[in-house]
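Trainee: I'd like a close look at one part of this protein, with its surroundings explained slowly. Could you walk me through it once the picture is up?

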Amino acid sequence: MIKDKNILFLMKKKQTSYYEMLISAIVEFGLPKSVHYIHYDSNSDCKKINDEIEECILKNNINIFISLSYYFINPDLLFRMQETVYRIRIDGDDGLIFNFYSKWYAQLFDLNITQSLFNKKKYNQLSYNSITYVGNISNKNTYTQFNYEKIFDNDVTFIGYAPEKSQRIKYINFLKDNGVNIKIFGENKSTKKLSIKEKYNCYAKSKINLNFSTIKINYDLLEHREIIKKEPDIEKKTIVTGRIFEVLSVGGFLLTEYTPTLEYFFEIGVDLDVFYNERDLIKKINFYLENDEARIERRSSAHWFCR
């Protein structure tokens, strides 16, 4: 559907590997005629961004408009482009913003791509076109390495965002307090941010890759504090994250916080393992650090499925 088309991406200036790899794969495998980008951040002038979208569509004869993450696009603009432009919305934070943003904007897009199987069902109930995507779309530059040598640099690794006060940092501090040698990389102020190549190499060469399914809340962001006020239970929600597929795609062993619908994609205890609380987490980390074969068997199982 993208081949020989003129496409426009609306995207944040600060990108994550999730969106970077997705965009690269769409361009590489979709083979569009031309690609255009409009970037925004929290300081962007909303009217100016909307004017830029409309100008780019008219000037470049855009066939497909792809909105990544969420932004307040003029509904009238989306409505007016429906006859000539195919509108796609992709959001990795759908579980966080569904009630106050996604379910309203979804009706203005031809296709909504969500990470949440629950939200997909909600979209379909509202008669909105939706598909679920949580996997890892790799391009030719994606570095993948299956660790056949079984040489590991780290015992336990977490790559991601763990803001203060969040459930994620509580789990991490609990592990540290119990003597677990855990290395943390990501977007936290005191941690190193890895390149895509470094990240995938780390997945392959860590004995245990830790993943949290709880929705990440940045307490420093005013918009997140407002969300918590409106939806006090938001921090209890969990989602199937794209990181699960990233780790398994290179043969990394994954221990992830349980979330419903995980069984839709994997067999728990065969492809990966899960934890339910702090006690279960420390118990399973100790088990897998002491039992190499049990850990390595699960690494091999899910690798071929994710590739």
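Trainee: Let's zoom in on helix 10. How many residues apart are K284 and D280 in that helix, and what does this come to in helical turns?

Mentor: One thing before we start: this is a predicted model, so everything here is computed from that prediction. Now to your question. K284 and D280 sit four residues apart in helix 10, so about one helical turn separates them. Their side chains meet in a salt bridge, with N and O 3.4 Å apart. The idea behind such pairs is simple: side chains of opposite charge can pair when their charged atoms come close. Both K284 and D280 are buried.

K284 has another partner too. K284 also forms a salt bridge with D273, and here the closest N and O atoms are 3.6 Å apart. D273 belongs to strand 11 (residues 273-275) while K284 is in helix 10, so this pair ties together parts that are eleven residues apart in sequence. D273 is buried, just as K284 is.

Now step back and look at what lies against helix 10. Helix 10 covers residues 278-290, and its axis comes within 11 Å of the axis of helix 6 (residues 167-177), with the two crossing at roughly 50°. That angle makes helix 6 oblique to helix 10. The crossing is right-handed. On the helix 6 side, the contact uses K170, Y171, F174 and L175, and on the helix 10 side it uses E278, L281, I282 and I285. Sort those residues by class and you get six nonpolar, two charged and no polar ones.

Helix 6 deserves a moment of its own. Its buried residues are R168, I169, Y171, I172, F174 and L175. Y171, F174 and L175 turned up in the contact with helix 10 as well. What lies over the buried residues of helix 6? Helix 10 is part of the cover, and so is strand 11, and the cover also includes strand 7 (154-159), strand 8 (182-185), strand 9 (206-211) and strand 10 (254-257). Just after helix 6 ends, G179 takes a positive phi of about 80°.

That phi value is a handy way into two other spots. Most residues other than glycine have a negative phi. S69 isn't a glycine, yet it has a positive phi of about 65°. You'll find S69 in the loop between strand 3 (64-68) and helix 3 (75-80). With a relative accessibility of 2%, S69 counts as buried. S127 also has a positive phi, near 70°, without being a glycine. S127 is in the loop between helix 5 (117-125) and strand 6 (130-132). With a relative accessible area of 67%, S127 is exposed.

While you're in that second loop, look at N129, which is also between helix 5 and strand 6. N129 is partly exposed, at 42% relative accessible area. Leaving aside residues up to four places away in sequence, N129 touches Y86, D110, L111 and N112. Take N112: it is 17 residues from N129 along the chain, but the two C-alpha atoms are separated by 6.2 Å.

For another helix pair to set beside helix 6 and helix 10, try helix 7 (residues 196-204) and helix 9 (residues 242-249). Their axes come within 8 Å and cross at roughly 70°. Helix 7 and helix 9 are therefore roughly perpendicular to each other. This crossing is right-handed. Here K199, Y200 and Y203 of helix 7 meet R243, E246, V247 and S249 of helix 9. By class, that contact has three nonpolar, three charged and one polar residue.

Let's finish with salt bridges, where we began. The search of the whole structure finds 13 of them. One of them joins E54 to R80, whose closest N and O atoms are 2.7 Å apart. E54 is in helix 2 (residues 46-59) and R80 is in helix 3, 26 residues away, and the pair links distant parts of the chain. E54 counts as partly exposed at 26% relative accessibility, and R80 counts as partly exposed at 42%. D76 joins in as well: E54, D76 and R80 are linked in a network of salt bridges. Back in helix 10, by contrast, K284 and D280 are both buried.

Conventions
Residues are numbered from 1 along each chain as its sequence is written. Side-chain values use heavy atoms; hydrogens and water are left out. Axes are lines fitted to C-alpha atoms, for helices over the stretch in contact, and angles run from 0 to 180 degrees between N-to-C directions. Angles under 35 degrees count as roughly parallel, over 145 as roughly antiparallel, 65 to 115 as roughly perpendicular and the rest as oblique. A crossing is left-handed if the near helix is turned anticlockwise from the far one by less than a right angle, and right-handed if clockwise. Contact means heavy atoms within 4.5 Å. Ala, Val, Leu, Ile, Met, Phe, Trp, Tyr, Cys and Pro count as nonpolar, Asp, Glu, Lys and Arg as charged, and the others, Gly among them, as polar. Buried means under 20% relative accessible area, exposed over 50%, partly exposed in between (1.4 Å probe, protein chains only). A salt bridge is a side-chain nitrogen of Lys or Arg within 4 Å of a carboxyl oxygen of Asp or Glu.
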